Amino acid sequence: MPNFIDRRLNPKDKSLSNRQRFLRRARVELKRVINEKISTEKITDVDAGHAISLPVSGTSEPSFSPDRGTGRREYVLPGNREFVLGDRLPKPGVGGGAGAGKGGAADLELEDDFRFVLSREEVLDLFFEDLELPDMVKSSLKEAIAFKPRRAGFTTAGAPTNINVGRSMRNSFGRRIALRRPKQADLDAIADEVALLEAEAKPSPASLEHLAELRRELEVLQRRRKLVAYIDPVDIRFNRFEPMPVPNANAVMFCLMDVSGSMGEREKDLAKRFFVLLHLFLKRRYERIDIVFIRHTHQAHEVDEETFFHSTQSGGTVVSTALEEMRRIIEDRYPSRDWNIYAAQASDGDNLTGDSENCVNLLNNELMKLCQYYAYVEILDERESAIFRSTDNGTSLWRSYRLVGTNWRNFQMTRIAKPGDIYPVFHQLFAKQPKTAKSG
Amino acid sequence: MNKRADTSNLLFQSSEWNFNTLYRTYDAIKEIALDELGLDVYPNQLEIISSEQMLDAYSSNGMPLIYRHWSFGKHFVYEEHHYRKGHRGLAYELVINSNPCITYLMEENTMSMQTLVTAHAAFGHNHFFKNNYLFKQWTDADAILNYMEFAKGYIARCEEKYGLAAVEPIIDAAHALMEQAVFRYNRPPRNSPMKERARVRDRLEYEERAFSDLWRTLPQRKADEDPSEIERDLSERKKTLNLPEENLLYFIEKNSIILEPWQREILRIVRVVAQYFYPQRQTKVMNEGCATFVHYTIMNMMFDKGQLSEGNLLEMLHSHSNVVFQPGFDDPRFSGLNPYALGFAMMQDIERICTEPTAEDRDWFPEFAGNGDWRGTLLDAWANHRDESFILQYLSPALIRKFRLFALEDETKENHYKVSSIHNERGYERIRSTLARSYDIGVNQPNIQVVDVDFRGNRHLHLQHTVRDGIVLDEHARTATLRHVRRLWGYDVSLVGVEAGSEKILYETSSSKLAE
């Protein structure tokens, strides 16, 4: 007797722990690849699954293997058409040939082309690594969209608890009519008549015949009743539920950045991480997020992401132009009653003398009323950070923004010199009660 | 053809499978396989799995369970990526050389495919596993699953006790030597897992019991002792070490001074796994050929009995011909000789020679040409050969012509390949022996042996690579592997490449010269 076993329901992912071990092993390399991705890819794509191409170093499995470029070999190959003994065939290129190099070529491909896909979880783990986020925040950021079951029509299969009685009875009724299921009343009527005839003391031959006929009829009807059930499995309908994403309001995220010459690659990379983090946070809470990129020198423009991160502009620095632009865009496209507005500003703190006051006015009087949250990071040189970190001193922009910060609880600012410094500016967003009530 | 109209014998009609049709079909296949082909198989256990589970099985060497190691994870992500991208499909089945013989069937298969695959794996491969001399000699089908369970548990316990960081490098190093971790000539001793566990336990217990602090206080051996005695000790030691030794991992496991008992046990586990797979690597052509021949014969017989419909048979033939497809060397799809194609063609050829031999066949195969008993001839070939000897004995000129085989000489220094023989009278013998040689693992794998250990001095381990045909080792991999050997041995290790025949030293390298 053969032994068939259905293993399909056994747990899969038997390889999961080995996969994790491998990722741990390749961690340094992966980290580099992910960081590269973060700086080149769109903010919204950072937490998608990534195809990773990995060089073999660190994860190679060496063994004593023959060097393909040495020695004398003889191969047997199929499909000879024109060769005769002693023919000489030129070798194509170096170190490989039609048949000869084939095995080698396949192996090489295997090693060079070691590509695989990291899941969203794994990518975020690597991204979070040096952001120094609290664990709770990490796990809440990784949360996928919430689903809620919603009624969506009927189905023929389901759990008994979901039986839709009305629908099932309607089907049953229709089927009973179509198949002409005898009614109980008809049966009773005939049964009564039979009983009546049977009760007759001296039945006439005619009534005897009638009685026999009635009995036959009764029997037919009873059999029919048995065959055409009152409720048949085909009648049953179940309520169908469909998982629907929990509806969320819309959010718009403004990314403001100073792109004057003083912002170098390092500064931009830090700024990007800052924007990505805010985006991840918003993604968790809102179904639809628009991102608006505003860059500024002495004048501000709305640009696309590519331009935002990758092209520089020369000119002075007037921060208030960016705020003006933001206000204009809000008025144009994002009325604050329909949109949750979040803003993230990154700068190295330079500003035209006297303009910082304009910024404070703009923020205090207009923007902060519209915004859910406003985060400002000032990107410092590693060397400066030690000096400025704890003091209130600093650039004029910093000093002016301090004033805003005291007025508005949803205004957060911090100075950063490395990725680990970014988190505090979002601290309040991720606090247990994420209500960002306006003060004041 | 008119008997086709009668559908009463059909085992199944729809392409969907269910367990009833599986049972029914299994019984029909079994009847043909045992009674008409005379196969002899282990009891079968067929397991239905999903594609994810198949991927899991791929990455664990096809074993249902294996110890944990990152390299399996690496293979997994690699396979998964290619599967998801559609670069390659998954196998329809996977079969494990164990008793009972476990066959995995993919749930996506149609009923026709399940039939094909059952005949192929549960009878073809199964028969081969049970009867081929290599498997009989080198693997223990009864014990392997229990052993793997023991191995997995043992390594997991080691990780708990000594930490992953301590266990992983040992497995890394052992894996690097896997090619050199098999006995090729003498038979490994058999141990049941129960005995295995008891052995480990006893040894540890003994060590704990025998521990005595007093040993530490024994006086050291005097340096000026009689040198001839030391010399004698040494040669005696060498004799007991049984040098030269081809199984590096075995040698290190038994003789390394720095290894802890649990580390030795891990080496042993890796060694046992390598040994278990050794016969499979030597019988690829025969194993697949045997299974393909069996499924092909069985499905035709089933069709003749009216158990399969024409549609079913065509579906099976379609995938059968995909499997035995052999593109020419200049075809973009060419990736070496297809073992299925070669094996199947040779088995069919043997059947032909037994039943309808030509004059040429009678010349080449006087022992069995025209004997009419193709079943017996094949059963005998399956039982007593590996790829190399099988090809050497049974590859017929007719088949060489059919495949249009030719031999190509490749001398690295030259700018040309040379056609050394083609499918003609002068070339048959040479093609046959060259092809056979290319399936000989002993020739293709670098031959590296332990030749000497300097136990008197710095405990230097001397390895020797016998270089054949001027093929040396890939230098990068050689360095990395040598580092692994050093890690296991604990002292310097040197590797010398000696040309076979002339004893000329081609290269010499030592771990002392490698940067760590």
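This report walks through how chains A and B meet, one sheet in chain A, and the core.

The model is predicted, so to speak of local features a pLDDT of at least 70 is needed, side-chain atom pairs count only at pLDDT 80 or more, and totals for chains, interfaces and linings use all residues. Residues are numbered from 1 along each chain as its sequence is written, and chains are lettered from A, with ligands numbered from 1, in the order in which they are written.

Let's start with chain B. It has 21 helices and 9 strands (DSSP runs numbered from the N terminus: H or I of at least four residues for helices, E of at least two for strands). Of its 516 residues, 42% count as buried, meaning that 20 or more other C-beta atoms, placed from the backbone, lie within 10 Å of the residue's own.

Now the contact between the chains. Chain B puts in 81 residues and chain A 58 residues; two residues are in contact if their C-beta atoms, placed from the backbone, lie within 7 Å. On the chain B side, the largest share is 11 residues from helix 3 (residues 70–84) of chain B. That side has 35 nonpolar, 26 polar and 20 charged residues (nonpolar: Ala, Val, Leu, Ile, Met, Phe, Trp, Tyr, Cys and Pro; charged: Asp, Glu, Lys and Arg; polar: the others, Gly among them).

Strands pair across the chains too, pairing being at least two DSSP bridges between two strands. Here are two antiparallel pairs, one of them between chains:

| Strand | Partner | Bridges | Residues opposite |
|---|---|---|---|
| strand 3 (residues 72–77) of chain A | strand 4 (residues 406–411) of chain B | 6 bridges | Glu74(A) and Glu409(B) |
| strand 9 (residues 288–296) of chain A | strand 10 of chain A | 4 bridges | Phe293(A) and Val303(A) |

Strands 9 and 10 belong to an open, mixed sheet of 6 strands in chain A, in the order 10-9-8-11-12-13. Its edges are strand 10 (300–303) and strand 13 (411–416) of chain A, each paired on one side only. Helix 11 (residues 319–333) of chain A packs on this sheet, its direction making about 145° with that of strand 9 of chain A. Helix 12 (residues 355–370) of chain A packs on the sheet as well, at about 115° to strand 12 of chain A. Those angles run from 0 to 180 degrees between N-to-C directions, with axes fitted to C-alpha atoms, for helices over the stretch in contact.

Finally, the core. The largest nonpolar core has 219 residues, and Met253(A), Cys255(A), Leu278(A) and Ala344(A) have the most contacts inside it. Such a core is a set of buried Ala, Val, Leu, Ile, Met, Phe, Trp, Tyr and Cys residues joined through C-beta atoms within 7 Å. Beyond its neighbours within four places in sequence, Met253(A) touches residues including Leu278(A), Ile291(A) and Ala344(A).

Terms used
A residue is buried if 20 or more other C-beta atoms lie within 10 Å of its own, exposed if 12 or fewer, and partly exposed in between; C-beta atoms are placed from the backbone.
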